[in-house]
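User: I'm new to this one. Can you walk me through it once it's on screen?

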Amino acid sequence: MPVSKLVGAKVKRREDPSLMRGLGEYVDDVKLADTLHAAILRSPHAHARIESIDVRAARQFAGVVAVFTGAELKDQIGTIPTTADNPTLRIPKHFVLAVEKVCYVGEGVAVVVAEDRYTARDALDLIQVEYEPLPVVIDAEKALTAGSPVIHPEWPDNLAFSWQQEQGDVAGAFKRADKIVKQRLVHQRMAPIAIETRGVLASYSAAAKELTVWSSTQIPHLLKTHLAQMLKFPEQQVRVVAPDVGGGFGSKLNVYAEEALLGYLAVKLNRPVKWIEERRENFQATIHGRGQIGEVEAAVKKDGTLLALRYKVIADIGAYHQLFTPAIPPFTGLMLSGCYRIPAIAIELRAAFTNKMSTDAYRGAGRPEATYVIERLMDRVAGELKLDPVKVRQKNFPKPAEFPFKTATGLVYDSGNYQLALTKALKLANYEKLRREQKRLRGRNRYLGIGVSTYVEICAMGPGFWEYGKVEVEPSGTVNVYSGASPHGQGQKTSFAQIVADQLGVELDDVMVIHGDTKLVAKGMGTFGSRGTAVGGIAVYQAAQKVQEKARELAAHILEVDADDLVFSDGKFSVKGVPRKGLTIKQIAQQARAAKNLPATLSPDLAADSTFEPSNFTFPFGTHICVVEIDPQTGTVETKQYIAVDDCGKVINPLLVDGQVQGGIVQGLGQALYEEVVYDDNGQLITGSLMDYAVPRAADLPRLRLAHTETPTPVNPLGIKGIGEAGTIGSTPAVVSAVIDALAPFGVEHIDMPLTPQKIWRLCQAKKAVSAGGRR
Amino acid sequence: MIPMNFDYVMPKSLVDALRALGDRGENAKILAGGHSLLPLIKLRLANPTLLIDVSKIAGLNRVKQQGDKIVIGALATHYQIESSELLKKSCPLLGQTARAIGDVQVRNRGTIGGSLVHGDPAADWPAAILALGGQLKFSGTKGERWLDVEKFFLGPMTTAIEANEILTEIHLPATPRRSGCAYLKMAQQASGFAIVGVAVSLRLDAKGRCEDIGIGVTGLGDKPFRAHRVEERLRGNRLTAKMIEASAALVSDGIDPLEDLHAAADYRAHLARVFTGRAIQAALKNAASRRR
């Protein structure tokens with residue numbers, strides 16, 4: 001970029017002063033007169049036939065305006081959409097309220113609309129539903145076994161879809177290998193737990209025939225299109241607004257039953273209707289993440305060189321598909337090569353229907369699983385070959401000159417310098433000293449563990465996924481930036497303003513970033529897959545460049561000089577050799593409105609838009625190092641040190657990047673140590689509240705030490721790669737690796753997550769420490 | 001998370017509160033800090049028809065010393081106890097225990113009396129109160145009643161309080177010279193409640209032997225209890241590491257440990273033994289540091 005005052009600077013988040021003072025406007029803060037409130041009756045059974053529903057008493061309850069059942073709505077509202085082009089995909093009819101049978105605990109059965117939230121909730125207790133329970137299958141492996149209870153009778157094998165891919169001579173490599181290392185790995189189900197639960201407010205204007213839906217969503221524009229289809233409504237009469245959104249982590253990258261349901265109710269009842277998800281509903285009826293059971297097998301040479309990889313995985317997708325459910329597990333397959341040269345890779349994926357909530361994108365979405373597989377495997381290879389885990393990794397890195405680097409899964413990594421990030425992290429951690437310290441402490445029966453994970457991930461969804469941006473300078477000189485990205489915590493009101501202010505040479509305070517309203521922003525895709533800045537930011541950047549170019553033409557016209565004779569610097573176009581003669585962007589905007597004799601090609605405004613579709617994905621990478629100490633008597637894990645070196649290409653705002661990395665690391669650590677969605681054998685959700693589902697807290701963590709390397713991507717003009725998910729992807733294997741490293745004296749090679757004190761204690765009990773200071 | 005309808009009153013005096021309680025009986029609930037009660041009614045696990053908010057009754061939140069007794073008003077918040085200068089000197093186990101409860105927001109609102117009468121078998125306060133030994137004072141429509149704390153906890157969410165009574169005061173012995181205390185717990189990661197919590201209050205004689213000891217255990221069984229068998233092994237003896245370990249091993253004897261998602265029975269029993277040993281060690285160290 002030619003001018004760079006703000007890009008790269010630590011600009012404080014402009015979002016925070018209002019959010020921190022409680023001035024944010026979330027869905028529940030949007031108040032409309034005469035609003036009704038909806039409450040949803042949810043299934044207490046994981047699998048049951050609905051024999052009858054009696055809603056008479058609820059309908060008669062004072063204050064209740066309407067009650068609807070699934071059967072009444074099934075022809076009124078289309079089914080919940082899913083997108084994927086997998087030919088094996090089986091899509092069960094997924095109604096907004098269950099019809100005939102329920103397939104998971106929490107599935108909506110009926111909706112009550114009342115004058116207030118309390119009445120709506122009370123009326124739920126008056127609905128009588130007769131269920132005939134059906135056999136339940138919770139375990140994804142069992143679901144794919146003959147004789148399992150069947151969830152959707154049209155597909156008695158419970159297979160939701162499958163996917164396989166093989167490149168290179170896998171069989172040959174396994175024959176040639178010095179050693180074959182195998183590991184079974186379970187990626188437990190996770191609940192995304194955004195601080196703001198979901199919420200929808202729908203309002204219909206009979207006069208304008210316009211339906212407005214406020215939703216806590218990451219994808220207002222995609223949602224608008226889907227809602228129009230589901231409600232059989234002309235799309236131009238649907239407006240979706242994503243106001244302030246209190247976190248998503250992928251869980252709001254979706255089209256949910258309640259969004260269409262509320263839209264329908266608002267039109268039908270011709271009054272605004274609001275529904276705010278309760279935390280317990282959030283656990284039951286908002287998508288879960290992860291949920292894979294895999295078996296990995298590597299063919300390796302004695303020196304640690306990887307020859308081939310085989311991965312067989314079963315994805316637990318739940319009872320139905322949500323928007324991107326079938327797209328997530330294949331991501332794991334594509335990213336299996338990690339940051340290593342692996343000549344041959346075979347993947348076999350089967351996805352199982354189970355009597356649970358759907359899985360879908362959760363921060364990292366397929367990549368944390370891939371990184372966990374390959375990183376755990378690298379540790380196991382190192383263990384089997386008695387090599388240092390760092391050396392095994394280094395040995396298999398592609399060199400910087402080998403980029404763009406093609407993997408045996410068919411991806412082309414844009415740019416990378418994996419050794420650089422690793423070296424920097426090892427230095428920061430003082431790795432060799434840590435190893436000596438570990439040895440010394442083991443001599444005193446203290447168990448320190450050092451975990452290293454080197455990761456690469458895939459971001460900024462490439463071809464087929466674009467983003468829109470528009471930049472408009474108002475006559476007074478203030479600048480509006482419109483983006484189709486829909487940030488919900490990432491901070492693009494700050495970073496996009498930095499990009500545009502630099503391009504136009506205006507003050508940051510003069511730039512306002514507008515997003516999350518389909519009426520204000522012409523089109524867009526949304527924020528997911530770490531694409532906000534790497535795709536959305538580029539669209540905005542290009543639009544700003546166009547504005548700058550147009551400003552040049554207007555300035556040339558107003559100043560009556562040739563456009564080529566103007567130089568742009570510090571927000572001012574001035575005539576070459578006559579620096580006093582010039583116009584600022586602000587002056588150009590002012591004068592453009594009243595410009596006389598404009599050529600036909602030039603309109604009297606200063607605005608431009610742009611759509612950016614990257615030619616390839618980006619591949620951020622890095623190294624995370626975690627140091628823990630285990631108390632074998634109780635099994636507790638103390639995280640003592642955490643070092644992360646991340647490379648997300650060019651950085652627009654280091655504060656935002658560090659914020660994303662911190663949050664990501666903490667979420668990844670949550671998966672490693674604490675979190676798991678647990679259903680019992682009957683399909684009851686055991687971890688149905690924050691009293692049982694443990695998310696990490698600030699006090700559980702040491703101060704994170706964050707650093708960066710900067711390897712720009714060639715796939716976009718700013719060299720940005722994306723950072724929203726990297727922390728989650730890099731941290732989980734680093735933490736697990738550290739714990740297992742600490743337990744090496746007990747002969748532990750692997751433990752499935754979460755690494756709870758109880759599990760660790762049991763292993764320590766089973767195998768007393770082999771010998772102090774022995775095997776590393 | 002939406003409760004059923006209920007009535008709400010905020011009496012200004014104990015007499016008025018007791019009258020309201022007497023009128024509505026079993027269907028009324030006393031509301032103090034609300035940190036145990038409100039989640040229950042929001043989940044509709046408890047559906048009282050009347051909440052009697054006692055938080056504005058004067059004088060029920062005092063923390064004071066009367067001779068060798070500490071008197072804690074039932075409405076004293078966890079934070080008030082945690083930050084009390086008086087208790088730091090006269091009964092430091094209480095501050096230590098308060099600090100282990102929830103987070104600052106919880107401690108700012110939650111009250112010791114509310115926690116005790118709620119009777120959660122994994123709450124922190126019972127361990128400390130049992131270790132110290134003392135008396136609970138109840139006011140009822142028929143007058144006052146005193147009860148030894150050891151007779152108070154009957155089972156999960158069940159205590160010896162009568163439906164028409166309000167817990168008003170907790171009387172505990174002030175900590176004498178040559179004493180030490182500790183409260184250690186293994187917190188359940190999600191809720192912060194004790195998987196196992198052990199409070200120890202001990203006093204050494206002039207020769208450094210254990211003159212007296214009280215050990216309260218929470219989280220292990222279906223109700224908090226005082227670990228008499230462990231105490232008996234230690235009283236009169238020098239607290240060597242070996243002695244501590246051997247006696248701590250008795251803590252789970254005869255107890256049927258709770259079992260849940262977070263800790264199986266054997267793990268809980270094991271943790272109780274480990275934490276008992278560690279809490280005794282910590283209390284001993286504390287006594288050494290307090291010797292004057």
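Analyst: A definition to begin with: two strands pair if DSSP finds at least two bridges between them. Strands (E, at least two residues) and helices (H or I, at least four) are DSSP runs, numbered from the N terminus. This is a predicted model, where local features need pLDDT of at least 70, side-chain atom pairs count only at pLDDT 80 or more, and totals for chains, interfaces and linings use all residues. Residues are numbered from 1 along each chain as its sequence is written, and chains are lettered from A and ligands numbered from 1 in the order in which they are written.

User: OK, which residue stands opposite A:Leu566?

Analyst: A:Val575, in β23(A). β23 covers residues 572-575 of chain A and pairs with β22(A) in the antiparallel sense, over four bridges.

User: What order do the strands of that open sheet come in?

Analyst: The order is β22-β23-β24 in chain A, with antiparallel pairing. β22 (566-569) and β24 (578-584) of chain A each have a single partner strand, so they stand at the edges with one side lacking a neighbour in the sheet. From one strand to the next the twist averages 35°.

User: Which helix lies across those strands?

Analyst: Helix α16 of chain A, residues 532-559, lies across β22, β23 and β24 of chain A, and runs at about 130° to β22(A). Axes here are lines fitted to C-alpha atoms, for helices over the stretch in contact, and angles run from 0 to 180 degrees between N-to-C directions.

User: Switching topic. At what angle do α11 and α19 of chain A cross?

Analyst: Roughly 35°, and the axes of α11 (residues 367-385) and α19 (residues 726-742) of chain A come within 8 Å. The crossing of α11(A) and α19(A) is right-handed, meaning that the near helix is turned clockwise from the far one by less than a right angle; anticlockwise would be left-handed.

User: Which residues make that contact?

Analyst: Among them are A:Tyr372 and A:Arg376 of α11(A), and A:Ile729 and A:Val736 of α19(A). Residues are in contact if their C-beta atoms, placed from the backbone, lie within 7 Å. The contact of α11(A) with α19(A) divides into five nonpolar, four polar and four charged residues. Ala, Val, Leu, Ile, Met, Phe, Trp, Tyr, Cys and Pro count as nonpolar, Asp, Glu, Lys and Arg as charged, and the others, Gly among them, as polar.

User: And how is chain A divided?

Analyst: Into domain 1 (16-22 + 462-612), domain 2 (32-134 + 195-247 + 252-285) and domain 3 (289-460 + 616-766). The bounds come from an automatic or database domain assignment. The centres of domains 2 and 3 of chain A, taken over C-alpha atoms, are 36 Å apart. Their contact takes 24 residues from domain 2 of chain A and 23 residues from domain 3 of chain A.

User: What about chain B, how is that divided?

Analyst: Chain B has domain 1 (7-53), domain 2 (63-173) and domain 3 (179-290). Between the centres of domains 2 and 3 of chain B, over C-alpha atoms, there are 19 Å. Domain 2 of chain B gives 23 residues to the contact and domain 3 of chain B gives 25 residues.

User: Last one: how many residues of chain A are in contact with chain B?

Analyst: 18 residues of chain A, against 13 residues of chain B. α4 (117-124) and α20 (757-766) of chain A are the elements giving two or more residues to chain A's side, and α4(A) gives the most, with four residues. That side of chain A divides into nine nonpolar, three polar and six charged residues.

Terms used: Two residues are in contact if their C-beta atoms, placed from the backbone, lie within 7 Å.
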